[in-house]
Structures are given as C-alpha cells and as structure tokens.
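Thank you all for coming. I would like to walk you through one model this morning, so please have a look at it before I begin.

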Amino acid sequence: MKAESVFIDKHSLVDPCSFDALKKQGLLKVQELSGHVWTDYNVHDPGVTILEQLCFVLSDVSYRAGADVTDYLGENTVKQLLNRSSLLAPEDAFPCHATTLMDLKQIILDAVPELDNIHIETIGEQPYRFGLYNVYISISPLAKIENSDIEKSALKHRVLACYGANRNLCENINEIHISEDVPFTIEAEIEVDDSNNSAEVLANIYLNCTHKIANQISSSKASEDTKELSLQQSLIGPSVIHERQHYDISHKTIIPVFEFYAVINEISEVKAIKSLSFFDKKGNRVDALSVENYKQHIRLTLPDSSEGIKINLVANGRIIPTNFSNYQMKYHELITEHFSNKYHKRQFDDFSKKTKSKELYLTQYSGLQDQFPANYGINFRGIPISYTAQRRAQAFQLKGYLAIFEQIILNQIHKIDEIRYLFSPLLHVHKDPTSVFLNNNIIPDFDQIKNENYEQKLMEQDGRFSSFYRRANKVVDYLLALYGEEFGQYIFQQYGTNNGNKITDRIAYEHKLRLLSHIGKVTKNRLKATDVTQFAWNTDNISGWQLKVSILLGFGCLKLQSLSFGVFRNDVNIDFAQDHESKDKLDSALSESFFDFHIDTEDIYQHFHALPYQAIKQVTLTSINKYFPLKFTCKEKPISQRFLQSATNIENYKIGRFTQGNSDISAIESFEDLSHIAFYDQEENSHFSIGSFQDLATAITAANTLISYFQSISKQSEGMHIIEHSLLAQYSDVEQLKENYPISFFGSRVTVILPNWTAKTSTRTFQKLAEETIAMHCPAHIYPMFLWLDLRRMYHLEVRYRKWLKAIATNDVDVKQTNKLTQQLLHFIYHLHISEERGVNEQ
C-alpha cells in the first residue's frame, strides 16, 4: 500500500513576530476598533504608515530577543561562558564529597601515590570511642621510601592530612599503621623474541608482577581506558587531582601463582613461559603468595645485583645475558613513567572549545520617527521652515504621540541588554539598575515636548512595574533550582523592620546571590567536617553544613573565628556584673553608668518623638567619641549586655527638648535649648538621657551613628560554632569519661553554639527559626544540641575551644596536654547543657 503523502502547511512557517504577520494583525485590530470610520488601508494612508513603522520596530525587537544565550553573554569559550553565567563547570558539579570508605580510599591513593593499597576499618565496639577508624597502609616497592622512622612518619602525616581534608562529621582516624611486608622471590624461564632489549623485557616482567601484587593495572593502560570514558563518567565519584587510576582496592590475602602468567604474557616480547615459581623468605616454594590479613602486605623482592636475578630469558634455545646496570636503569625509567602518569593532573579540553557567539549591538537603537518620510516633519531632518504654525504644531503633536511607543520599545531593548547581567549575577553583584530615557539623539527636538519631571516619573514607574531586582530574583531562583536549592522564606522570617530595613527585592536578591556564590561547597560538602589536622581558627575551614545554615540564617561570619571578639575589638567595655547582680545591689541609682538622667514619662509623651531613620555610610570609633565623649568606649563607664542587645533597635530611641518645669533638670541652665536623645531601658521601664546636642539635626545624626555602630558590632558577633562530641571523646582518657560523663552524651552528637546578645539572635523567634533550620539541614545521622550563650560565657568557651583546636592540629600530639585541654572544654560544655536542662525543667 502506498504511503500517505505528507504536506507541510506553508502558513505554519510564518513567524508571528515578522513584519507581515504584525501588520496583518494590526490591520485586523484597527478594523475591529474603528469600524466604518476608517476604510482606507492602503500604504499611502498616514495611519497605515504609522502602523508599518511600529511593525518594523517590533520585528527588530523580536529579532534581538531571539538570539542565542551565548550571544547575549558574549564569551568565546565554554569555560568563560560558565563563569559568566554563574554555572558550575563539570569538574565542580559532577564529583561528590567522599562519603563511603571506598571513596576515602580512592582519594588517599590519589593524593599519596607512594601507596600500593590502604585498608580502613572501624575500631570495633569500645566504650566512648565512636566513629573512629584504624588505617593500614601498604607502601609500594616502586616508591623510594626508606625504612627510616622519619620517612614513614612523614608518610603517615600525609595520609592523615588527606583524610582530614575529606573527613566526615563525627568521624576521624584513630591510628595509622604500616602493613608488615611479607617478601617473595620469583624464579622463571621465559622464552622471548630474539632481540637486544632483554633489560627492558626483564624490567617489564618485574614491574607487571609488582602491579599485580599491588592490585592495580599499569598506569599506561589506565590512561587508555580513561580516554574511552565520557566526561560525565570520568567525573563520577569523589574529586581527585590526577587522572583516575583503576584500583582493585579490596585487599587480597592470597594470589595464586597461575595469575601471574597473564600479566607476564601481556609483554609483547614474551612468546612463552616455560616455568614460573615463587619462594617465601625461608626459601620454600609456594603455590600462592599469601598473607594472614590486611595487616600484612605481599612484597616482591627485587634483585639488588646480577646474582639476584632469577629470571632467565631464552631465545632460540639459548639464555640471553642481561646486564644488571642496563636492567636497573630501564627499571627506574619505567618507575619514573609510572609515577609521572599517576601524578598527571586532569585536563578538561572541552572547556577550551570555541563557541559561536555573535557580537550583538543591543543598546544601539535608531528611533522609530527616523524612518518616517520627510514630509511628516518628525525625522532627523526636522520640520521644514516653510511649514505653517499649524503644521508645526501637528508635527509636534505626532512626535509626542509616537514618543509613548518609543519609550516602551526602548525599555524592552534595555531589558534585553540586561540579560547579560541577569544571567551573570556573580559578576555584577553591585550593579545598580538604571532607567533609560529618550533624548534628542533618538527623537529630534525631544526636549521641546518632554515634561519637566519626565525622568523622575519614569524612574518611579520603573520601580513599581519593572524592577530589575524583581526579575533578577526570578533568574537567581532558577539558577539555585538547577542545584536543587532554594532560599525559601528564611530572609522574610529573619528580617524585622528595625532601623527602616524592610525586605526589599534587592535585599532578597543579595541573600540568594550569597547562597549561589557558595553553591559548589553547599551542595557537595554537606557531610564534610572541619579539617582538624589544620589549625582552623580565623579560616574558612568549616563544615559544609555550617556554611549552608550560616548563609540561610544571614550570618555575616562564614569562618571559624571568635564571636565574642567582635565586641572587644571595637573597644566596647562590658560590665558583666550588671547582668548578674540584682537591681538593689547596684551602687548607682541608674541602671547604666553612662545614663545622664531620668526623663519622666509625661515629658516623653509631650516633648519627644520617634527617632527618624538616617543612613550612616561609615561609622568609626572617632565619630562615636565625637558625639559621645567618655561614653561607651570608656573604661570608667562600661555598658551591660542588656544595652548591647537593645542599642541596635531604633524604636528604643526618642528625640526632643525639655521645658523648664522638669524637676530633674530645672537647676541646669539652658537645657530647654538642647536636643536630647532619650533611650528606653526595658528592664527599668523608663527613659534616660544618653546625650544632649545644640540642634535637632546633630542629635538625629548622633543617635543614628550610635545605632549603626552597635549594629556593626552585632553583625560581627553573628555566627556559630559546631563541636563534635566524638572528637572530645577521642582525645580524652576513657577512665575519666566513665567517671564523669554518660555514654549517651557522645556518639553522633554535636553541640551547636550561638550568641544570644546580637540584635538578630537575641529574640526567641529567631532562636526557634535557627534551631529548626540547623536541624532541617543537618545530616540524618547527626543529632544537634544547642547552646545560646551570653557574651561572658562565649568568651570563656572560645578561649578553651581555640586552645583545644591548636593542640589537636599539631603533627605530634602531646597526649597529656591535649587530654587536659579536652577535659576543660568538655567539662565546660557538659555543664552548660546540664544548666540548660535544669532551666527548661524549672520552667
């Protein structure tokens, strides 16, 4: 039966945004709107002329909007395109963090090529020892590692450093052991081609047998196999530095002799194996090379002299003599090539491929009115001199009518140009959106028809209906969704209305952008822990989990650093006694030493008003001392933690003047002429003067400067510490743990420590949000315990925490000193938890 013919309808190929399609649609719309009033639709009709010009410009806008993404971004290589579009390159997106023990083995073998194999095992069921591993490493006979304790110790430290950089939460290495070598010697008679390269053949035989024992194939063959893999396949698993090697990482305790026939026959010069035998160190012939377990390592004894060569190469019935020096030289060449292949860094040639990007001149726009015939009087030639006043007025009227369309089209072209900024947010974090205005270059004599407030009204309109940051938020949401992430409602819940800060599109955009800038670490390193082999203080050496929740909660600190020092580094003196003594024990009648005098509630209502918000760009200690001499940074007049929390809230401040009738200040001359800053003390439920100024403007600036100063201090104190209980148990004496701590306190538990004195973290609403967020993004096997500490306790904890981190990061840990520092930190944290539980139970 004949196949049915298929026809393509030519109308289906018509672009709906082409000039003809737009004109046709426009004429239909005109007929619908005008009815019988307008009947001439020929090209000579002025209305049709205007329609055709609009259709021409619209088709131009459609063409600009239909370009390829690479054309908008304008980069020449795939790598540049990825960087500009804020997307991760494949080598950053595909590999995962080392999760399983097999992943860790792969990474360590890649980082330490001198190893043949590695075995990692849990230490078993021992009290107070959780998540700890014993590691057994087998040194390759190809590596030039002497049997000295110094070189072996250095190798252990390299393994420990590699593990530490890829360590998972609540896991660590207990001890590293070097497997005991069990030597075997080989004797064989092998028939080879009649050639002069006997030294090379002999070197290849020893090398292939060594590779067989090491459970890995030759590096040259591994490189060939790697080339056959696709880019995605070659990137599966943990990220490695060098070209992927093929390892049989499972430890073999027995290797039959017959398995060596295959690896020897791989050598092209070998024709046949006449005999092959292996002998143990006692000289006994064995059918298989075997060891008891992974604590031992099979090692092939290599000849150290011509007498040590027990392999006879035979060609045409005669033994081919082999010069030992030539063999040794060739063997070292093969070893050098082997390690060269292992150390070869991975290259991704796909990233240098050229893209076919076109240079788009998106911002160039020739005005719509330039395309009109000259007799209309609105193009660049202007209005003819011979025109009457009426014709000139008609021309300007048409010019003003068309200017509305010109502005809309110009706005659309500007939005198309903004694509490069929208899709490359990390390169344009601080780009300020701008409105585009018509001018005399686009519309001749435009200044004569525009409104006086044209630019201002247009900017207001753009802010309401066409916000750059509103569109930018949608793009960033899309980019985050590509990695399975979202910012959610966190920014809306954590932001209040203090100091005029509202959750604007720009603030939301900047928070999302912060998450996008760390998206690689956030998505990959959720399970990754702090590298305790390096002294992590004042570095970004934090867990991926901590990094993510810190960004989501809007913490300024994404490092492991002191949170209490954020207060002390700004020369703020804290009176800790005021936070612990009762009111009746305070020596002063005023709750704060820097309060000048009490202000009656009646005066507050009659003569004071709310403090207007004023943006302060930069606050220094000099400006604080200028407005408030001998206060806040003066040792004689310290502040309490209570004031530190409330000083950032603009609602606690009032501005105003006094009348002479005020009893507290009637004796002071000219106080009614001064503007005073009144601060509300919640505990006292009263207002107090903290500063007096000659004029109202200075008082407002001084109060906002003080708020900005304490806000800056507050932001520097935002952050968190995560302490793993399993590490505290590892570096403690077991007997001490049994006497003082329940075993349930350890295991897969961590203590999350946060400050409770900052403007953000002092509210119970935020504390609840923070605990929910941290728990939600915590790895499933980890149980977080929370401590909200005041400034004094945080300081004492950080002193202990810093010393402990420094002690466990040293190469040669002082067991006695480390145990002492661990006990100090553990005792402090444990009793804080006990007091927290008692407080909850009492409530």
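How many disulfides does the count come to? I should say at the outset that this is a predicted model, and that, with two cysteine sulfur atoms required to lie within 2.5 Å of each other, the count comes to 0 disulfides. Two cysteines may still be worth a look on your screens: Cys17 is partly exposed, with a relative accessible area of 34%, whereas Cys209 is buried, its relative accessible area being 0%.

Let me turn now to a sheet. Three strands, in the order 1-2-3, make up an open sheet whose pairing is mixed. The edges are taken by strand 1, residues 115–122, and strand 3, residues 172–178, and because each of these has a single partner strand, one side of each is left without a neighbour in the sheet. If we ignore direction, neighbouring strands here are turned by 25° against each other on average. Strand 2, which covers residues 132–139, runs parallel to strand 3 and is joined to it by 6 bridges; within that pairing, Val135 has Ile176 of strand 3 as its bridge partner.

Further along the chain, I would like to spend the remaining time on strand 18, helix 28 and strand 19. Strand 18, residues 749–755, pairs with strand 19 in the parallel sense, over 7 bridges, and Ile753 stands opposite Leu787 of strand 19. From strand 18 the chain crosses through helix 28 to strand 19, and this β-α-β crossover is right-handed. Strand 19 itself, residues 783–789, is mostly covered, since 6 of its 7 residues are buried.

What span should helix 28 have, at 1.5 Å a residue? For its 13 residues, 764–776, the expected value is 18 Å, and the end C-alpha atoms are indeed 18 Å apart, so the two agree.

Which residues of helix 28 are buried? They are Phe766, Gln767, Leu769, Ala770, Thr773 and Ile774, and because they cover an arc of only 160° around the axis, they lie on the same side of helix 28. The spacing in the sequence fits a general point, namely that an α-helix has 3.6 residues a turn, so residues three or four places apart point the same way. On the other side of helix 28, by contrast, Thr765, Lys768 and Met776 are exposed.

Note on methods
Residues numbered from 1 in each chain as written. Predicted model: local features only at pLDDT ≥ 70, side-chain atom pairs only at ≥ 80, totals over all residues. Heavy atoms only, no water. Helix = DSSP H or I, 4+ residues; strand = E, 2+ residues; numbered from the N terminus. Expected span 1.5 Å × (residues − 1). Buried < 20%, exposed > 50% of the residue type's maximum accessible area, 1.4 Å probe, protein only. Arc of directions from axis to C-beta. Pairing = 2+ DSSP bridges. Right-handed = clockwise from strand over helix to strand, strands pointing away. Axes fitted to C-alpha atoms, helices over the stretch in contact; angles between N-to-C directions.
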